[in-house]
Amino acid sequence: QSKSIELESVRGTKESLERQLSDIEERHNHDLSSYQDTIQQLENELRGTKWEMARHLREYQDLLNVKMALDIEIAAYRKLLEGEETRFSTFAGSITGPLYPHRQPSVTISSKIQKTKVEAPKLKVQHKFVEEIIEETKVEDEKSEMEEALIAIAEERAASMKEEKEEEAEEKEEGQAEE
């Protein structure tokens, strides 16, 4: 009788353990499927992010190409304006008075010179403005790099000071232990 009772209790324990095992396997399978779903979602997000990054890179490249073309065009216009300024100043300098009594070319030339001189500073101002923005960007980049370097140095210094304090504390403890 005692052996049959013991056998029954062992069978009950076995059934209980088998149920626990099946529950654990079921939870494990559920967790595994949820992790696989998460992995799939992350892979999809990664693909989307890579695609978006490639798109931004293409847009950046297009903008860079446009910028380069505009810089070339600006340089060409600047040369043309400088050439026109020198031509007008040379032409105006050679004309001391009206060549034709019925016309007044000096008035028309001076008005052209005034228009050219008015337009040229605007272009130079715009160019200076762009150069200032570029210079400010460079300065900001340099500042951020310097700040990062200073932060790194401060962190290193703090770590070294912490190590020094720990060493001093250990030396004090050793000195107290010796006493």
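Analyst: Quick definition first: buried means under 20% relative accessible area, exposed means over 50%, and partly exposed is whatever falls in between. Keep in mind that this is a predicted model.

User: Okay, why is Asp 71 called partly exposed?

Analyst: Asp 71 has 35% relative accessibility. Partly exposed covers the range between under 20% and over 50%, so Asp 71 gets that label.

User: What makes Lys 67 and Asp 71 a salt bridge?

Analyst: The rule wants a side-chain nitrogen of Lys or Arg within 4 Å of a carboxyl oxygen of Asp or Glu. The closest N and O atoms of Lys 67 and Asp 71 are 2.8 Å apart, so the pair passes. Both residues sit in helix α1, four residues apart, or about one turn of the helix. Lys 67 is partly exposed too, at 41%.

User: How do you know that Glu 59 and Arg 55 form a salt bridge?

Analyst: Same test. Their N to O distance is 3.0 Å, and the cut-off is within 4 Å, so they count. Glu 59 and Arg 55 are both in helix α1, which covers residues 2-94, and they too are four residues apart, about one turn.

User: And how exposed are Glu 59 and Arg 55?

Analyst: Glu 59 has a relative accessible area of 36% and Arg 55 has 25%. Neither value is under 20% or over 50%, so both are partly exposed.

User: What separates Arg 87 and Glu 84 along helix α1?

Analyst: About one helical turn, because they are three residues apart in helix α1. Arg 87 forms a salt bridge with Glu 84, with the closest N and O atoms 2.9 Å apart. Arg 87 is at 47% relative accessibility and Glu 84 at 30%, so each one lands in the partly exposed range.

User: How many salt bridges does that rule give?

Analyst: Five salt bridges by this rule.

User: Why is Tyr 60 called exposed rather than partly exposed?

Analyst: Tyr 60 has a relative accessible area of 51%. Exposed starts at over 50%, so Tyr 60 makes the cut. Its place is in helix α1.

User: What makes the nonpolar surface patch there?

Analyst: Leu 57, Tyr 60, Leu 64 and Met 68 make it, and it comes to about 420 Å². Patch residues need over 30% relative accessible area; Tyr 60 has 51%, so Tyr 60 clears that bar.

User: Which residues form the negative surface patch?

Analyst: Ten Glu residues would be a mouthful, so here are a few: Glu 163, Glu 164, Glu 166 and Glu 178 are among them. Asp and Glu count as negative, so the name fits. Glu 164 lies in helix α2, residues 105-178. At 40%, Glu 164 is partly exposed, and a patch asks for over 30%, so Glu 164 qualifies on area.

User: Which helices and strands does the whole protein have, and how much of it is buried?

Analyst: There are two helices and zero strands. Of the 179 residues, 4% count as buried. The accessible surface comes to about 16400 Å², and carbon and sulfur atoms hold 57% of that.

Definitions and conventions. Residues are numbered from 1 along each chain as its sequence is written. This is a predicted model: local features need pLDDT of at least 70, side-chain atom pairs count only at pLDDT 80 or more; totals for chains, interfaces and linings use all residues. Side-chain values use heavy atoms; hydrogens and water are left out. Buried means under 20% relative accessible area, exposed over 50%, partly exposed in between (1.4 Å probe, protein chains only). Patches are made of residues with over 30% relative accessible area and no salt bridge: like charges are joined within 9 Å, nonpolar side chains (Val, Leu, Ile, Met, Phe, Trp, Tyr) within 5 Å. Accessible areas come from the Shrake-Rupley method with a 1.4 Å probe; for residues, only the protein chains shown count as cover. The place of a charge is taken as NZ of Lys, CZ of Arg, CG of Asp or CD of Glu.
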